[in-house]
Amino acid sequence: MAILVYLLGFIAIPALIFYYHHAKYRRDYPLTLEMYLAQHPECKTDNGYKCSGCGSKSLRNLGYGGAEAKRRMISCNHCAKRLYRVEN
Ligand SMILES: [Zn+2]
């Protein structure tokens with residue numbers, strides 16, 4: 001019985017929580033940079049990328065779950081459109 005509690009509490013529930021957050025991250029930012037540029041090739045410029053919504057080059061790069069997070073969310077600083085994700 002104790003092993004079941006251990007498995008549930010320390011493995012299954014954290015795995016579900018991790019899966020939920022990962023799924024939400026991918027739902028909020030469905031495109032990778034490659035997919036984004038395939039859909040919006042005009043958004044690649046000589047010195048970076050720009051927003052497909054308003055054309056602004058000012059992009060916001062925030063960590064998902066903290067400033068140092070490896071999963072990054074790239075959105076537009078001007079119109080707040082969610083552009084793509086970067087997973088290092
Ligand atoms: Zn924009």
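The legends below describe close-up views of a predicted model, from the whole chain down to single residues.

**View 1. The whole chain, with two helices and five strands.** Read along the sequence, the elements of the predicted chain follow one another in the pattern α-α-β-β-β-β-β. The radius of gyration is 17 Å, whereas the globule rule gives 12 Å for 88 residues, so the chain is more spread out than a compact globule. Taken along the principal axes, the box filled by the C-alpha atoms measures roughly 60 × 25 × 20 Å. Of the 88 residues, 10% count as buried. Among the contacts with a separation of 6 or more, 35% come from residues that are 24 or more positions apart.

**View 2. Residues 6-23, which carry a feature from the UniProt record.** The unreviewed UniProt entry places a "transmembrane region" at these positions, and the annotation may be inferred rather than shown by experiment. In the model, residues 6-23 are 100% helix and 0% strand, and the C-alpha atoms at the two ends of this stretch are 25 Å apart.

**View 3. The loop between helix H1 (2-28) and helix H2 (33-39), where proline 30 is placed.** Proline 30 counts as exposed, because 12 C-beta neighbours lie inside 10 Å and a residue with 12 or fewer falls in that class. Although proline 30 and leucine 83 are separated by 53 residues in sequence, their C-alpha atoms are 8.7 Å apart in space.

**View 4. The open sheet of three strands, in the order S3-S4-S5.** The pairing throughout this sheet is antiparallel, and strand S3 (59-63) and S5 are the edge strands, each of which pairs on one side only. Direction ignored, neighbouring strands of the sheet are turned by 25° against each other on average. Five bridges join S3 to S4, and five bridges also join strand S4 (residues 71-76) to strand S5 (residues 82-87).

**View 5. Bridge partners across the sheet, including asparagine 61 with isoleucine 74.** Isoleucine 74 lies in S4, as does methionine 73, which is the bridge partner of leucine 62. Methionine 73 also stands opposite arginine 85 of S5. Serine 75, in turn, has arginine 82 in S5 as its bridge partner.

**View 6. The hairpin of S4 and S5, with five residues between the strands.** Alanine 80 lies in the loop between S4 and S5 and has a positive phi of about 70°, although alanine 80 is not a glycine. This residue is exposed, since 11 other C-beta atoms lie within 10 Å, and a count of 12 or fewer defines that class.

**View 7. The surroundings of arginine 82, a residue of strand S5.** Arginine 82 is partly exposed, with 15 other C-beta atoms within 10 Å, because this count falls between the limit of 12 or fewer for exposed residues and that of 20 or more for buried ones. When neighbours within four places in sequence are left aside, arginine 82 is in contact with Asp28, Tyr29 and Ser75. Arginine 82 and leucine 59 are 23 residues apart in sequence, and the distance between their C-alpha atoms is 9.7 Å.

**View 8. The largest nonpolar core, which has six residues in all.** The core is made up of Tyr29, Tyr36, Cys51, Cys76, Leu83 and Tyr84. Leaving aside neighbours within four places in sequence, tyrosine 84 is in contact with two other tyrosines of the core, Tyr29 and Tyr36. The contacts of tyrosine 84 also include Leu31, Thr32 and Leu33, as well as Ile74. Another member of the core, Leu83, is the residue whose C-alpha atom is 8.7 Å from that of proline 30 in the loop of View 3.

Terms used: Residues are numbered from 1 along each chain as its sequence is written. This is a predicted model: local features need pLDDT of at least 70, side-chain atom pairs count only at pLDDT 80 or more; totals for chains, interfaces and linings use all residues. Helices (H or I, at least four residues) and strands (E, at least two) are DSSP runs, numbered from the N terminus. The radius of gyration is taken over C-alpha atoms; the globule rule is 2.2 Å times the number of residues to the power 0.38. Two residues are in contact if their C-beta atoms, placed from the backbone, lie within 7 Å. Two strands pair if DSSP finds at least two bridges between them. Axes are lines fitted to C-alpha atoms, for helices over the stretch in contact, and angles run from 0 to 180 degrees between N-to-C directions. A nonpolar core is a set of buried Ala, Val, Leu, Ile, Met, Phe, Trp, Tyr and Cys residues joined through C-beta atoms within 7 Å.
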